[in-house]
Amino acid sequence: MSTSFRSEFLTTLSARGFLQDATHPEELDAALSDTAPIAAYIGFDATADSLHAGSLLPIMMLRWLQKTGHKPIVLMGGGTTKIGDPSGKDAARQLLTDADIQRNMDGIKQVFKKYLSFGEGPTDALMVNNADWLDDLNYISFLRDYGRHFSVNRMLSFDSVRLRLDREQPLSFLEFNYMILQAYDFLELNRRLGVRLQMGGSDQWGNIVNGVELGRRVDQAELFGLTAPLLTTASGAKMGKSAEGAIWLNSDKLSPYAYWQYWRNTEDADVGRFLKLFTELPLAEIARLEALEGAEINEAKKILAHEATALCHGEQAALDAAETARRTFEEGGVGENLPRVAVDRTALEAGTLGLLQALVEADLCKSNGDARRQVQGGAVRVNDEKVGDPARMLGAGDLRPDGGIKLSLGKKRHALVEPN
């Protein structure tokens with residue numbers, strides 16, 4: 001795709017590494033260069049009560065859209081979540097109840113308030129729910145009016161379907177309908193709100209193209225699609241995941257400190273790329289930071305952690321997380337925002353609280369077996385003292401002057417155990 005654009009939005013996305021494919025890129029660039037704002041959307045299914053860092057790239061695309069003078073539309077999949085997107089999935093998702101979906105949408109809404117400005121103005125963001133039109137569809141009428149525009153042969157060629165079939169994994173007829181409904185979403189959003197651009201990850205390319213074509217065939221609407229690359233870390237890990245689980249964007253599911261630590265632990269090879277995608281630092285400053293080598297690259301990682309955390313949780317939370325990390329790692333102390341876990345005071349005072357149990361309760365280990373392996377491998381410390389005995393008990397004598405017991409797994413993960 002051409003890297004020379006007139007519009008500020010496409011120029012920004014291209015320079016920062018967001019662009020993979022676009023339909024009719026020259027016409028899209030011209031439309032985005034007009035003085036009137038363009039409305040564009042990205043869909044998010046409500047499969048959990050928070051989004052995780054794997055959704056940050058499309059969220060940042062909507063943020064840049066707004067910052068360059070256009071109107072972002074957040075489409076919540078209250079309707080399509082009842083089916084489940086087969087894209088990139090090896091098996092069908094568990095079907096959720098209406099109550100589950102509503103609870104998940106309520107949690108996800110809190111994420112977008114941090115990144116977008118909502119309101120009624122021409123470039124203010126809107127959040128809409130596709131259940132508003134999908135729930136009341138007449139199936140026969142829908143098939144007659146729109147199903148005829150879809151070729152099953154072509155639908156089978158798209159990655160979201162083909163890859164599942166190539167692996168000889170089942171694809172239900174329910175899931176097969178997903179791309180038709182997503183295409184219809186684009187048509188409805190164009191009719192209701194004048195939306196002309198759908199964006200998403202590259203795994204959504206087939207679904208997006210279907211929507212562009214449906215709008216042109218049914219309403220002769222000039223619609224566009226744009227995708228971003230699917231991200232993995234330099235080591236091949238899926239973006240938004242860690243050994244401990246998903247990197248949630250809601251603070252009630254993952255503390256700002258743990259979120260800061262996730263970015264601070266970015267692999268050296270990813271620092272420059274992540275600074276471009278997940279911060280708003282000027283490109284010249286990013287070029288300076290990604291050129292750092294050796295121990296100096298850690299300063300770039302701290303800046304990445306600060307900027308990403310400030311966007312998600314606010315400036316003060318980012319500063320607090322950095323101070324907690326400094327006290328914990330540089331001074332060997334306990335920062336105020338270190339993750340804390342309450343344990344049974346009676347067991348602690350009696351000296352019957354097992355170290356393995358405490359490691360699991362502190363979310364430092366997944367199970368007693370995992371904890372035992374970590375202790376035997378020399379990765380666990382109690383109050384900065386290495387422990388090698390899996391039978392070790394924690395007692396009142398382990399309490400620090402601040403009233404807690406500091407548990408550490410390796411050099412980067414710490415928690416404070418406190419009696420309740």
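Strand 2 (residues 39-44) and strand 3 (residues 71-76) run parallel and are joined by six bridges; here strands (E, at least two residues) and helices (H or I, at least four) are DSSP runs numbered from the N terminus, and two strands pair if DSSP finds at least two bridges between them. Within strand 3, L75 is the bridge partner of G43.

A word on reading the model: it is predicted, so local features need pLDDT of at least 70 and side-chain atom pairs count only at pLDDT 80 or more, while totals for chains, interfaces and linings use all residues. Residues are numbered from 1 along each chain as its sequence is written, and side-chain values use heavy atoms, with hydrogens and water left out.

The mean pLDDT (the predictor's confidence in each residue, from 0 to 100) of the protein chain is 87, and 88% of its residues reach 70 or more. Over residues 88-92 pLDDT stays under 50, and the model has nine contacts beyond four places in sequence for them; contact means heavy atoms within 4.5 Å. Where pLDDT is low, the predicted coordinates should not be read in detail.

Now to the open sheet: six strands in the order 1-6-5-2-3-4, with mixed pairing. Strand 1 (21-22) and strand 4 (126-129) each have a single partner strand, so one side of each is left without a neighbour in the sheet. Two helices lie across strands, as the table shows; axes are lines fitted to C-alpha atoms, for helices over the stretch in contact, with angles from 0 to 180 degrees between N-to-C directions.

| Helix | Lies across | Angle |
|---|---|---|
| Helix 2 (residues 25-33) | strands 1, 5 and 6 | about 100° to strand 6 |
| Helix 3 (residues 56-67) | strands 2, 3, 5 and 6 | about 160° to strand 2 |

The largest nonpolar core (buried Ala, Val, Leu, Ile, Met, Phe, Trp, Tyr and Cys residues joined through side-chain atoms within 4.5 Å) has 68 residues, of which Y115, W263 and F278 touch the most other members. Helix 3 gives the most to this core, with eight residues. Another core, of 25 residues, lies apart from it and includes A39, I73, Y184 and L214.

L214 also belongs to the buried residues of helix 11, among them G206, I208 and V212; buried means under 20% relative accessible area, with a 1.4 Å probe and protein chains only. The end C-alpha atoms of helix 11 (residues 205-219) are 21 Å apart, which agrees with the span expected for 15 residues, that is, 1.5 Å times one less than the number of residues. Just after helix 11, Q220 takes a positive phi of about 55°.

Definitions and conventions. Buried means under 20% relative accessible area, exposed over 50%, partly exposed in between (1.4 Å probe, protein chains only).
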